[in-house]
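Let's take a walk through this structure together, stopping at a few places along the way. Keep the view open as you read.

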Amino acid sequence: MAPPTPLLAVRGSEGLYMVNGPPSFTESVAFQRDSGKNCKAVAFSKDGSLFAWCNGEKVNVVNVTRAELLHSFDLPKTVCLEFSPKNSVLATWQAYATAKDGTAGVPNLQLHDLRTGKCLKSFVQKKMQNWCPCWAEDESICARNVNNEVHFFENNNFNTIANKLHLQKVSDFVLSPGAQPTKVAVYVPGSKGAPSFVRLYQYPNFGGPQSALANKSFFKADKVTMLWNKKATAVLVVASTEVDKSGASYYGEQTLHYLAASGESAVVQLPKNGPIYDVAWSPNSVEFCAVYGFMPAKATVFNLKCDPVFDFGTGPRNAAYYSPHGHILVLAGFGNLRGQMEVWDVKNYKLISKPVASDSTYFAWCPDGEHIVTATCAPRLRVGNGYKIWHYTGSVLHAHEVPADQEMWQVFWQPFLDGVFPERAVRYQAVPGEPPRAQPGPAQAYRPPALRNRPATSSKLEAKADAHQGPAQVRAPQNALQNTVPAMTTGDPEVDKKIKNLKKKLKAIEQLKEQAASGKQLEKNQVEKIQKEAALLKELEDLELGV
């Protein structure tokens, strides 16, 4: 039987709809277009069979395969949605609000039984960051962080806490993927001169440091990102500081650490100084790729001994994406870089193609391992919104541009479980693509998106604009709401005024960062302004959510 055709969901000011993937690219009849302009939250189930969205009136759940509406929940203010791994539960989150008299607000995180449609449990979850409970793949365990403890529930019984992992100020945790036994990586930030640390445990053995599978401590960490490999044998930890005390980078300092479930740990030695832009595990779980160093950035593949396996040299890049089968690796430069992609055959370390996707704010592999989508979405960029579907050999198979008066906010593939699509042999010859719509004009000097609507200034500034760019924001994390919802008024003129002022300050910070990237020495007060960016973004997010 031929494998299915993945759908591509598209959300924007024209509504929410789905497009059939290669080769037809027609609008799908399996999903009836929702033409509302207020669609904020969308999610596929892990196997791609179910789809949920909130259109500002209700949260609807459909079976995509059968084109059938399963449930409709009266939750108009939902801004986040997620399915449990085996489709038993739908989690929804609305912004938390206290009553006008100052009394506690109602629970805003709901867990719905998708068989009956009933609410299994409601919790108060004030922060949008890490809002969603985490399930083991078989749903035998579900966990959430509550007041510096990790609470574990078993078999979707949310009325009884089956286990607790209590460490002083647990700030984050990640459950391992795959089959039982489930492992847990936890992060505890340092305080009062004590180091930060990450520990690995096997559920439910939480009897203190001696029961940990592995432990790694470090002093330089204001936040960490923890990445399990697919086989749950090891975790990569990117530790970041908000400020680089050496003054070399306004993005702070990052270090990369390796922890194995067998107990070994190491610092991954990166042979070029500068930011760590991206780290990605190969789906084979025995290699990982890091993109790092001041521009032009290096990219290197390492093995489980943290030894370099292959070095791709330097280039204008800040992201790495392995194909679902792990046989192809794309290195790309998005954000303020030109959108150049390098597509590599990982088995032979041979370059397949070098396409360019200018102004892209999003990249994703299609589950078939053959195709890629790149997109330009608002509000990151408000002009030239649209998406392109490519074959990895560099051909554009389909391009869609939204009308100039409309915006596109999000595109994403329908997921599929492993094994649905067979791995195919790597090809180097470009497949036939869509004919270009118009002949390009004469080549002009590249100008970053932030500079395009301004008068041309020093050509040196433009020439250096690729340099010293920060970590790519292409993956659009769930907590960055400004990346996923349209601009709108809150209805409160005072709040709107505050939002406008915050955006003005953030724009000024962007301009300072561009000046720093071009080599200009900033004043102390200008550096201090840049360091306030994260706090201003958080304040803006809270105001826009009405938190």
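Start at N159, which you'll find in the loop between β13 and β14 (163-166). Keep in mind as you look around that this is a predicted model. Is N159 buried or exposed? With a relative accessibility of 58%, it counts as exposed, since anything over 50% falls in that class. Now look for L120: it sits 39 residues away from N159 along the chain, yet the two C-alpha atoms are separated by 8.7 Å.

A similar meeting happens further along, at K503. This lysine belongs to helix α2, which covers residues 493-517. K503 comes out as partly exposed, at 36% relative accessibility. Its partner in space is L540: 37 residues separate the two in sequence, and 7.8 Å separates their C-alpha atoms.

Next, the rings. How many aromatic pairs does the structure hold? The count is 22. Take the one made by Y321 and F363, which is stacked, with 4.1 Å from centre to centre and 25° between the planes. Y321 is part of strand β27 (residues 319-322) and F363 is part of strand β31 (residues 362-365), so this pair ties together parts that lie 42 residues apart in sequence. Both Y321 and F363 are buried. If you'd like to see rings gathered in a group, go to F31, F44, F51, W53 and F412, which form one aromatic cluster.

Rings can also have a charge sitting over them. Which ring has the charged end of R144 over it? That's F123, and the charged end is 4.2 Å from the centre of the ring. The ring of Y428 has company too: the charged end of K350 sits over it, 4.7 Å from its centre.

Now for the empty spaces. Rolling a probe the size of a water molecule over the atoms shows where space is left unfilled. Searching the whole structure in this way turns up two cavities of 30 Å³ or more. Let's visit the second largest cavity, which holds about 40 Å³ of space. Around it you'll find V10, R11, G12, S13, E14, G15, Y17, V402, E407 and M408 as the lining. Which strand gives the most to this lining? It's β1, with three residues. Both β1 (7-12) and β2 (15-20) supply at least two lining residues each. By character, the lining of this second largest cavity splits into four nonpolar, three polar and three charged residues.

What about the cysteines? The number of disulfides comes to zero. C142 shows how that plays out: the closest cysteine sulfur to its own belongs to C134, and at 7.4 Å that is too far for a bond, because a disulfide needs the two sulfur atoms within 2.5 Å. C142 itself is buried, with 2% relative accessible area. C119, on the other hand, counts as partly exposed, at 42% relative accessibility.

Finally, follow the backbone to a few places worth a pause. Where does the chain have a cis peptide bond? One runs from P22 to P23, with omega near 5°, and P23 is placed in the loop between β2 and β3 (41-44). Another cis peptide bond leads from A378 to P379, with omega near 5°. The loop that holds P379 runs between β32 (371-376) and β33 (386-391).

Two other residues stand out by their phi angles. N147 isn't a glycine, but it has a positive phi of about 50°. You'll see N147 in the loop between β12 (141-146) and β13 (149-154), where it counts as exposed at 70% relative accessibility. C306, also a residue other than glycine, has a positive phi near 65°. Look for C306 in the loop between β25 (297-303) and β26 (308-315). Is C306 buried or exposed? C306 is buried, with a relative accessible area of 10%, and the cut-off for that label is under 20%.

Technical notes. Residues numbered from 1 in each chain as written. Predicted model: local features only at pLDDT ≥ 70, side-chain atom pairs only at ≥ 80, totals over all residues. Heavy atoms only, no water. Phe/Tyr/Trp six-rings, centres within 6.5 Å; stacked < 30°, edge-to-face > 60°. Helix = DSSP H or I, 4+ residues; strand = E, 2+ residues; numbered from the N terminus. Buried < 20%, exposed > 50% of the residue type's maximum accessible area, 1.4 Å probe, protein only. Lys NZ or Arg CZ within 6 Å of the ring centre and 35° of its normal. 1 Å grid on protein atoms, 1.4 Å probe; cavity = no way out; pocket = protein on both sides within 12 Å on 5 of 7 lines; lining within 4 Å. Points joined across faces, edges and corners; volume = space filled by probe spheres on them. Nonpolar A, V, L, I, M, F, W, Y, C, P; charged D, E, K, R; others polar.
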